Amino acid sequence: MLAAASAPALAQGAKPPACTPGRVTPAQTEGPFYSARAPLKANFRGDAKGEPLVLEGVVLGPDCRPVAGAWLDFWHADAQGAYDNSGYRLRGHQFADADGRYRLETIVPALYPGRARHIHVKLRAPKGDRVLTTQVYFPDDPGNARDGLYRPELVARRTPGALAFDFVLGG
Ligand code: FE
């Protein structure tokens with residue numbers, strides 16, 4: 001059942017989720033620009049102009065099994081490098097589907113001083129009370145090497161038409 005449901009995603013050229021049991025996605029600082037209570041929104045394209053970007057993947061548990069219904073709350077800078085700190089442009093939460101899959105349709109965030117290009121996210125399992133706060137980085141971004149927060153484990157992989165990143169939540 002699960003394998004059948006996953007097959008179409010793999011057929012699109014995505015690699016199977018990279019997951020080693022017990023190796024959870026590292027946490028990162030939320031930074032100064034998190035806003036709680038962002039709306040349910042998986043498509044940010046109407047929020048700001050910019051180069052279209054899809055970030056998608058799977059939320060997995062520490063046993064590498066999909067976490068159906070996981071909460072994901074994304075926020076990032078616009079194409080000028082600014083965050084919306086008074087409203088919810090480029091901010092929104094969504095829930096992973098029954099196979100743990102999520103998909104964010106957005107725009108490419110700009111670089112801003114001192115940082116590599118990145119997307120912030122908080123995640124939580126449906127019955128969990130522990131929130132993972134982290135950041136996803138872009139492959140081949142020259143800013144990565146200059147950013148002290150950058151970690152190679154947090155780089156998305158490039159797939160046809162999208163960036164992909166699979167999160168592994170702790171227990
Ligand atoms: Fe940031």
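This is a short tour of a predicted model, from its overall make-up down to one strand and one loop residue.

**Confidence and overall build**

The mean pLDDT of the protein is 90, with 90% of residues reaching 70 or more. The weak spot to know about is residues 1-11, where the pLDDT is below 50. In the model that stretch has six contacts beyond near neighbours in sequence. Where pLDDT is low, the predicted coordinates should not be read in detail.

As for secondary structure, you get one helix and nine strands. Walking from the N terminus, the helix comes at the start and the strands follow, giving α-β-β-β-β-β-β-β-β-β. A compact globule of 171 residues would have a radius of gyration near 16 Å, so the 15 Å of this protein agrees with that. Along the principal axes, the C-alpha atoms fill a box of roughly 45 × 30 × 30 Å. Some 34% of the 171 residues count as buried. If you take contacts between residues at least 6 apart in sequence, 76% of them join residues at least 24 apart.

**The open sheet**

Four strands make up an open sheet, ordered S3-S2-S5-S6, with antiparallel pairing. S3 (91-95) and S6 sit at the edges, each pairing on one side only. On average, neighbouring strands in this sheet are turned by 25° against each other, direction ignored.

Now zoom in on the S5 and S6 pair. S5 (residues 118-124) runs antiparallel to S6, and six bridges join the two. Here are two of the facing positions:

| Residue | Stands opposite |
|---|---|
| His-118 | Tyr-137 in S6 |
| Leu-123 | Leu-132 in S6 |

Is S6 mostly covered or mostly open? Edge strand or not, S6 (residues 132-137) is mostly covered, with five of its six residues buried.

**The nonpolar core**

In soluble globular proteins, nonpolar side chains tend to be buried together. The largest nonpolar core in this model has 34 residues, and the members touching the most others are Leu-55, Val-59, Leu-72, Leu-123, Val-136, Ala-156 and Leu-169. Elements giving two or more residues to this core are S1 (52-60), S2 (71-75), S4 (101-107), S5, S6, S8 (162-164) and S9 (167-168). Which strand gives the most? That would be S1, with five residues.

Val-136 is a good place to look at who meets whom. Skipping neighbours within four places in sequence, Val-136 is in contact with Leu-55, His-118, Ile-119, Val-121, Leu-154, Ala-156 and Phe-165.

**Phe-165, a loop residue**

The last name on that list, Phe-165, lies in the loop between S8 and S9. Why does Phe-165 count as buried? Because Phe-165 has 22 C-beta neighbours inside 10 Å, and 20 is enough to qualify. Not counting residues up to four places away in sequence, Phe-165 touches Leu-55, Gly-57, Val-136 and Ala-156. Leu-55 and Ala-156 also turn up among the contacts of Val-136. As for Gly-128, that residue is 37 residues from Phe-165 along the chain, and their C-alpha atoms are separated by 21 Å.

Definitions and conventions: Residues numbered from 1 in each chain as written. Predicted model: local features only at pLDDT ≥ 70, side-chain atom pairs only at ≥ 80, totals over all residues. Buried ≥ 20, exposed ≤ 12 C-beta atoms within 10 Å, placed from the backbone. Pairing = 2+ DSSP bridges. Rg over C-alpha atoms; globule rule 2.2 N^0.38 Å. Contact = placed C-beta atoms within 7 Å. Core = buried A, V, L, I, M, F, W, Y, C linked by C-beta atoms within 7 Å. Axes fitted to C-alpha atoms, helices over the stretch in contact; angles between N-to-C directions. pLDDT = per-residue confidence, 0-100.
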